[in-house]
Amino acid sequence: MTVQASRARDERRATDAAGAASMRPARADTGTALGVGIALGVMLAASVVLAVTIGPAGLAPADVLASIAAHLGIGEPTLSPLRDGIVWELRMPRVLTAAAVGAGLAICGVVMQALTRNPLADPYLLGLSSGASVGAVIVLVLGMAIALPVAAFAGALAALAATLGLARAAGGLSPTTTVLAGLAVSAVFGAITSLVIFWSATNDSYREILNWLLGSLSGADWPAVALAGGALLVVGVPLLATGRTLDAFAFGDTAASALGVHVPRTRALLLVATALLTGALVAVSGAIGFVGLILPHAVRLVIGSRHRALLPLSALAGAVFLVWVDTGARTLFDPRELPVGILTALVGGPVFAALLLRTRRAS
């Protein structure tokens with residue numbers, strides 16, 4: 001072996017070791033994580049109230065709190081029916097849906113990045129977004145928008161079944177096989193979506209389709225809150241308790257098995273749970289990008305990589321982030337409204353870049 005070949009081999013080994021180390025959990029200071037959690041919790045509560053006040057019909061935080069109290073049976077109604085309707089029927093469901101979707105997507109992003117040991121993984125890695133898009137586009141073209149959440153969720157489940165079936169047929173649910181299967185399924189479902197749009201979409205349906213594909217919460221109502229919030233409660237909260245298991249996966253399958261984790265079964269269960277949560281969220285919001293990809297990294301830069309802290313803090317950060325981005329999407333260009341997926345990328349990308357540069361200078 002030549003000196004150059006030996007040196008190249010050593011460089012590759014060093015690079016691989018550095019990459020693996022970057023995915024391993026770094027211990028976060030408990031006090032720092034607790035402080036960040038309290039701050040994010042307060043920010044989320046304040047954000048929900050303040051976001052409801054923003055819009056063409058000016059409202060004060062006291063009006064929002066009075067409406068909430070009245071609907072919870074605490075005190076007598078003090079707002080006019082019109083202003084109470086703006087708070088309770090229009091803005092509050094949308095803000096709460098944004099919070100639930102943001103929290104759920106952030107949780108799914110953390111889990112997917114840990115299971116695949118891929119920093120570029122996001123909740124849509126298994127082809128769920130493309131599958132949901134097929135179902136949504138079909139019902140919108142047929143003029144059956146009322147069935148959109150059901151069709152989108154069914155499409156996401158179909159994509160999940162196809163991805164897991166292909167991965168198992170190709171040798172098992174290893175990180176590499178799962179990612180490649182998801183890419184293949186996503187490409188096929190994406191092509192079907194494009195074909196349906198090209199062949200059948202007209203002016204009105206095309207606008208509805210584009211709005212959904214870019215992600216939008218404009219149609220959020222209390223049933224949407226129930227679906228997104230229920231999925232977050234039933235699936236997302238149990239995922240918050242998987243921090244130790246995800247820490248084990250970050251060291252590799254062999255290390256996780258040595259730590260007592262049944263790797264194939266646990267990975268399959270977590271993938272299915274993540275897919276179910278993502279499918280439910282996409283069904284009410286469309287394909288909102290960026291949240292599940294970058295927010296876990298932003299939180300990781302602040303508090304470290306230990307998943308016991310990373311999971312809940314990413315959920316809170318995702319909720320706060322999407323509440324404000326959606327508020328901007330519906331108010332910045334009034335009377336026109338932007339799909340929220342556009343702003344998540346426009347706002348989130350520079351913010352994450354600033355965090356990355358700040359962390360590098362600090363180190």
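Is Glu337 buried, exposed or partly exposed? You'll work that out in Exercise 1, but here are the ground rules. This is a predicted model, where local features need pLDDT of at least 70 and side-chain atom pairs count only at pLDDT 80 or more, while totals for chains, interfaces and linings use all residues. Residues are numbered from 1 along each chain as its sequence is written, and side-chain values use heavy atoms, leaving out hydrogens and water.

**Exercise 1. Sort out the salt bridges around Arg94.**

Step 1: Get the idea. Side chains of opposite charge can pair when their charged atoms come close. Here, a salt bridge is a side-chain nitrogen of Lys or Arg within 4 Å of a carboxyl oxygen of Asp or Glu. The whole structure has six of them.

Step 2: Take the pair Asp326 and Arg94, whose closest N and O atoms are 2.8 Å apart. Asp326 sits in helix H14 (residues 307-331) and Arg94 in helix H4 (residues 81-116), so this bridge ties together parts 232 residues apart in sequence. Helices here are DSSP runs (H or I, at least four residues), numbered from the N terminus.

Step 3: Check how covered they are. Buried means under 20% relative accessible area, exposed over 50%, and partly exposed in between (1.4 Å probe, protein chains only). Asp326 has 2%, so it is buried, and Arg94, with 8%, is buried as well.

Step 4: Add Glu337, which also bridges to Arg94, with the closest N and O atoms 2.7 Å apart. Glu337 lies in the loop between H14 and helix H15 (340-362), so its pairing with Arg94 in H4 ties together parts 243 residues apart in sequence. And the opening puzzle? Glu337 is partly exposed, because its relative accessibility is 34%.

**Exercise 2. Describe the salt bridge between Arg267 and Asp253.**

Step 1: The closest N and O atoms of this pair are 2.8 Å apart.

Step 2: Arg267 belongs to helix H12 (residues 263-285) and Asp253 to helix H11 (residues 253-258), so the pair links parts 14 residues apart in sequence.

Step 3: Arg267 is buried at 3%, whereas Asp253 is partly exposed at 23%.

Step 4: Now look back at Exercise 1: shared partners join Arg94, Asp326 and Glu337 into one network.

**Exercise 3. Find out what lines the largest cavity.**

Step 1: Know what you're hunting for. On a 1 Å grid over the protein atoms alone, a cavity is a set of points where a 1.4 Å probe fits but cannot get out, and lining residues have an atom within 4 Å of a point.

Step 2: The search turns up one cavity of 30 Å³ or more, and the largest holds about 30 Å³ of space.

Step 3: Its lining includes Leu105, Asp122, Tyr124 and Phe290. Helix H13 (residues 291-303) gives the most, with three residues.

Step 4: Sort the lining by type: seven nonpolar, two polar and one charged.

**Exercise 4. Place Val42 and Leu269.**

Step 1: Val42 is in helix H2 (residues 30-53) and, at 53% relative accessibility, counts as exposed.

Step 2: Leu269 is in helix H12, and this leucine is exposed too, at 57%.

Step 3: For a distance, try Leu269 and Val48: their C-alpha atoms are separated by 33 Å, and the two are 221 residues apart along the chain.

Notes. Helix = DSSP H or I, 4+ residues; strand = E, 2+ residues; numbered from the N terminus. 1 Å grid on protein atoms, 1.4 Å probe; cavity = no way out; pocket = protein on both sides within 12 Å on 5 of 7 lines; lining within 4 Å. Points joined across faces, edges and corners; volume = space filled by probe spheres on them. Nonpolar A, V, L, I, M, F, W, Y, C, P; charged D, E, K, R; others polar.
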